[in-house]
Amino acid sequence: MAKGYWIALVDIDDIEAYKAYVTANAIPFRKYGARFIVRGGAANNVEGTVRSRTVVIEFPDYQSALDCYHSPDYAQAKALRVDVSKADIVVAEGYDGPQPDPTTSTQ
């Protein structure tokens, strides 16, 4: 079964207030099996528009990722975030299909 992901691009306006969101989101993230893959580290915008912080969170499956976002616990956490940051968040299903063959050359 393919994993689920939250892909978030975030600008934080008030880092001190945002810390309350980080504390609160730990509850639903733990409940739904979330694991941070990318959490605001170094990033290089090579194409398109992004925000100052990139976050990728992995869930055991797509449904868990959706359920977490729509949960009452996350709604409480989100309420702490919306007035102190701007975010674009996508919930996406991972890919378990075939990958490019590394032995094939395109030259």
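Here a colleague asks a modeller about two helices and a cavity in a predicted model.

Colleague: Let's start with the overall layout. Which elements does the protein have, and in what order do they run?

Modeller: There are three helices and four strands, and from the N terminus the order is β-α-β-β-α-α-β. The C-alpha atoms fill a box of roughly 50 × 30 × 15 Å along the principal axes.

Colleague: Now the helix pair. Why is α1 called roughly antiparallel to α3?

Modeller: Helix α1, residues 15-31, packs against helix α3, residues 72-81, at an angle of about 165°, and their axes lie 8 Å apart. Angles over 145 degrees count as roughly antiparallel, so α1 is roughly antiparallel to α3. The crossing of α1 and α3 is left-handed.

Colleague: How do you know that α1 and α3 meet, and which residues are involved?

Modeller: Contact means heavy atoms within 4.5 Å. On the α1 side, the residues in contact include Ala-17, Tyr-18, Tyr-21, Ala-24 and Phe-29; on the α3 side, they include Tyr-74, Ala-77 and Leu-80. By class, this contact has 11 nonpolar, one polar and four charged residues.

Colleague: And the empty space: what makes it a cavity?

Modeller: A 1.4 Å probe fits there but cannot get out, so the term is cavity. The structure holds one cavity of 30 Å³ or more, and the volume of the largest cavity is about 150 Å³.

Colleague: Which residues lie nearest the centre of the largest cavity?

Modeller: Tyr-18, Tyr-21, Asn-25, Val-55 and Ile-57 do, out of 16 lining residues. Tyr-18, Tyr-21 and Asn-25 also belong to the α1 side of the contact with α3.

Colleague: Which element gives the most to that lining, and how do the residues divide by class?

Modeller: Helix α1 gives the most, with five residues. β1, α1, β2, β3 and α3 each supply at least two. The lining divides into 12 nonpolar, one polar and three charged residues.

Note on methods. Residues are numbered from 1 along each chain as its sequence is written. This is a predicted model: local features need pLDDT of at least 70, side-chain atom pairs count only at pLDDT 80 or more; totals for chains, interfaces and linings use all residues. Side-chain values use heavy atoms; hydrogens and water are left out. Axes are lines fitted to C-alpha atoms, for helices over the stretch in contact, and angles run from 0 to 180 degrees between N-to-C directions. Angles under 35 degrees count as roughly parallel, over 145 as roughly antiparallel, 65 to 115 as roughly perpendicular and the rest as oblique. A crossing is left-handed if the near helix is turned anticlockwise from the far one by less than a right angle, and right-handed if clockwise. Ala, Val, Leu, Ile, Met, Phe, Trp, Tyr, Cys and Pro count as nonpolar, Asp, Glu, Lys and Arg as charged, and the others, Gly among them, as polar. On a 1 Å grid over the protein atoms alone, a cavity is a set of points where a 1.4 Å probe fits but cannot get out, and a pocket is an open set with protein on both sides within 12 Å along at least five of seven lines; lining residues have an atom within 4 Å of a point. Grid points are joined across faces, edges and corners, and a volume is the space filled by probe spheres set on the points.
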